[in-house]
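Welcome, and please take a moment to turn the model around before reading on. This short report walks through a few places that are worth finding by eye.

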Amino acid sequence: MNIFDQMVARYEVSTVAQKRNATCEVMQEITLAGLYRSGFFNKAAFYGGTCLRIFHNLPRFSEDMDFSLIRKSSEFNLEDYFPAIIEEFKAAGQEVVITRKEKKNETNVESAFLKADTAMYDMNFKSVRDFKVKIEVDVNPPEGFNTEQKLSMLPFSFMTRCFSLEDLFAGKMHALLFRNWKNRIKGRDWFDFEWYIRHNIPLNFSHLQIRAKEFNGMDLDKDSFREMLNNRLASSDIQLVKNDVSPFVENPASLDIWSNEYFLLLSERIKFF
């Protein structure tokens, strides 16, 4: 059994969906290891739901890997780090191919936090294309965030630079407020919001304000923030929210309490940092 299979074997899987989630998460962990070996985290930090899952035990799986440069740079090229990722997968017993993902013209409208200067890539197994991890890096990031070092112990011991929890919360609230859902509500935003409140994580509101200004051209104060948030929480179809997140949740029964009223009560518990 190679290293990759050993890592997948840590998970209890009984369904195709569980196997997919476990395999994608191992791909994410090995990607982080390759980036560490290449020195990537001297320049960039990990954020988003996958960061919360891997380093803070978020009880749901996550598909994408989101990174941000520490400082803005027009010269940064993520492709410089691909050889290290590919070599790490080879050492673990798998071969992958990484391809640049071309963005559609409407990308900036579809996603409030994806910009023209966010590089996007897909990583697939060479032999099995059904498993895919999307990698994104913001080369022109908003300022006002802090980072910390988090330890991984597989496939070997290494450190990953991550956004602090307060700033991860700010990024999640930005997505929850401004993401254009079209026909698919991101229930994962709601799940993560509940997690932050349950764990009493304060919100770095100043970083949220910077993100709203840079990405959306909005001067956001606390009153307008609460009004926008409550309108979204009150008006969304909770069943669609549940449908989106349930395939990724370890315990789907935890969603039984979800309702518009429940999330409005959660919003009252937000603490500002």
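In this predicted model, Tyr196 sits in helix 7. Its relative accessibility is 2%, so Tyr196 counts as buried. Leaving aside residues up to four places away in sequence, Tyr196 touches Leu52, Leu165, Leu168, Phe169, Lys172 and Ile201. One of these contacts, Leu52, is 144 residues away along the chain, yet the C-alpha atoms of Tyr196 and Leu52 are separated by 10.0 Å.

**Around Lys172**

Another contact of Tyr196 is Lys172, which has its place in helix 6 (residues 165-178). Is Lys172 buried or exposed? Lys172 has a relative accessibility of 10%, so it counts as buried. Again not counting residues up to four places away in sequence, Lys172 touches Arg60, Arg188, Asp189, Asp192, Phe193 and Tyr196. With Asp192 there is also a polar contact, in which the two side chains are joined at 3.3 Å. Lys172 and Asp192 belong to a network of salt bridges that also links Arg60, Arg179 and Asp189.

**Helix 3**

Leu52, met above as a contact of Tyr196, is one of the buried residues of helix 3. The others in that list are Gly49, Thr50, Cys51, Arg53, Ile54, Phe55 and His56. Eight of the eight residues of helix 3 are buried, so this helix is largely enclosed by the rest of the structure. Just after helix 3 comes Asn57, which takes a positive phi of about 60°.

**Salt bridges across the chain**

How many salt bridges does the structure hold? There are 16 salt bridges, and the table shows three of them, with the distance between the closest N and O atoms.

| Salt bridge | Closest N and O atoms |
|---|---|
| Arg10 and Glu29 | 2.6 Å |
| Arg53 and Glu25 | 2.7 Å |
| Arg37 and Glu88 | 2.5 Å |

Begin with the salt bridge between Arg10 and Glu29. Arg10 lies in the loop between helix 1 (3-8) and helix 2 (16-37), while Glu29 lies in helix 2, so the pair ties together parts that are 19 residues apart in sequence. Arg10 is partly exposed because its relative accessible area is 41%; Glu29, at 11% relative accessibility, counts as buried.

Next is the salt bridge between Arg53 and Glu25. Here Arg53 belongs to helix 3 (residues 49-56) and Glu25 to helix 2, so the pair ties together parts that are 28 residues apart in sequence. Both Arg53 and Glu25 are buried.

The last row of the table joins Arg37 to Glu88. This pair links distant parts of the chain, with Arg37 in helix 2 and Glu88 in helix 4 (residues 82-92), 51 residues apart. Arg37 has 55% relative accessibility and so counts as exposed, whereas Glu88 is buried, with a relative accessible area of 7%.

**Helix 10 and its buried face**

Now look for helix 10 (residues 238-245). At the start of helix 10, a side-chain oxygen of Asp237 reaches to within 2.9 Å of the backbone nitrogen of Gln239. Which residues of helix 10 are buried? They are Ile238, Val241, Lys242, Asp244 and Val245. Seen down the axis of helix 10, these buried residues fall within an arc of 160°, so they line one face of the helix. An α-helix has 3.6 residues a turn, so residues three or four places apart point the same way. What do the buried residues of helix 10 pack against? Their partners are helix 7 (187-198) and helix 11 (260-267), and helix 7 is where Tyr196 is found.

**Two strands to finish**

Asp138 is found in strand 5 (residues 132-138). At 3% relative accessibility, Asp138 counts as buried. The side chain of Asp138 reaches the backbone nitrogen of Asn140 at 2.9 Å. Asp138 and Ala45 are 93 residues apart along the chain, and their C-alpha atoms are separated by 9.9 Å.

Strand 7 (residues 158-163) is the place of Met159. Met159 has 33% relative accessibility, so it counts as partly exposed. Together with Tyr36, Leu151 and Met153, Met159 forms a nonpolar patch on the surface, and the four have about 400 Å² of accessible area together.

Technical notes
Residues numbered from 1 in each chain as written. Predicted model: local features only at pLDDT ≥ 70, side-chain atom pairs only at ≥ 80, totals over all residues. Heavy atoms only, no water. Patch = residues over 30% accessible without salt bridge, like charges linked within 9 Å, V, L, I, M, F, W, Y side chains within 5 Å. Areas by Shrake-Rupley, 256 points an atom, 1.4 Å probe, with all protein chains shown as cover. Salt bridge = Lys/Arg side-chain N within 4 Å of Asp/Glu carboxyl O. Helix = DSSP H or I, 4+ residues; strand = E, 2+ residues; numbered from the N terminus. Buried < 20%, exposed > 50% of the residue type's maximum accessible area, 1.4 Å probe, protein only. Arc of directions from axis to C-beta. Contact = heavy atoms within 4.5 Å. Polar contact = N/O pair within 3.5 Å; in protein donor to acceptor, adjacent residues only side chain to side chain.
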